[in-house]
Amino acid sequence: QVQLVESGGGLVQAGGSLRLSCAVSVRTFSTSVMAWFRQAPGKEREFVSAIVWSGGSTDYADSVKGRFTISRDNAKNTVYLQMNSLKPEDTAVYYCAAGSRFWRYDYGYWGQGTQVTVSS
């Protein structure tokens, strides 16, 4: 059974940094790609970033490019999202996701979400 456990959310001032972590219980073809999405109050869920376990290819939404960095630790089955220069508009619940396709749309497995709040 695939489980995703996120951690690292919190409250930070604008301009600050946070690092999110997502540990996946099993790595198979169905979890060969990891991604982060976010959902702000009253808005639809949106893609943030994705990474492939093998080879490390990455993708970023334009809104976070240059500020956020996704990385992975193969030995720990953990993916990270380093968020720098945070803005109030980055406030959202951040979800980790896993799937088999390197894209910005639906993924097969989801974590429970972690709240990120950026104060102005």
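## Ser85 and its backbone

In this predicted model, Ser85 is partly exposed, because its relative accessible area of 41% lies between the limits of 20% for buried and 50% for exposed. The residue is found in the loop between β8 and β9, the latter strand spanning residues 92-99.

The backbone of Ser85 has a positive phi of about 50°, although the residue is not a glycine. Most residues other than glycine have a negative phi.

## Asn77, a further positive phi

Asn77 also has a positive phi, near 50°, and is likewise a residue other than glycine. Its place is in the loop between β7 (68-73) and β8 (78-83). Strand β8 thus borders both loops: the loop with Asn77 lies between β7 and β8, and the loop with Ser85 lies between β8 and β9.

## The disulfide

The structure has one disulfide. It joins Cys22 to Cys96, with an S to S distance of 2.0 Å. The pair links distant parts of the chain: Cys22 belongs to strand β3 (residues 18-24) and Cys96 to strand β9, 74 residues apart.

The torsion about the S-S bond of Cys22 and Cys96 is about -80°, and the disulfide is therefore left-handed.

## Burial of the two cysteines

Are the cysteines of this bond buried or exposed? Cys22 has a relative accessible area of 0% and is therefore buried. Cys96 is buried as well, because its relative accessible area is 0%. For both residues, the value falls under the 20% limit that defines a buried residue.

How values were computed. Residues are numbered from 1 along each chain as its sequence is written. This is a predicted model: local features need pLDDT of at least 70, side-chain atom pairs count only at pLDDT 80 or more; totals for chains, interfaces and linings use all residues. Side-chain values use heavy atoms; hydrogens and water are left out. Helices (H or I, at least four residues) and strands (E, at least two) are DSSP runs, numbered from the N terminus. Buried means under 20% relative accessible area, exposed over 50%, partly exposed in between (1.4 Å probe, protein chains only). A disulfide is a pair of cysteine sulfur atoms within 2.5 Å.
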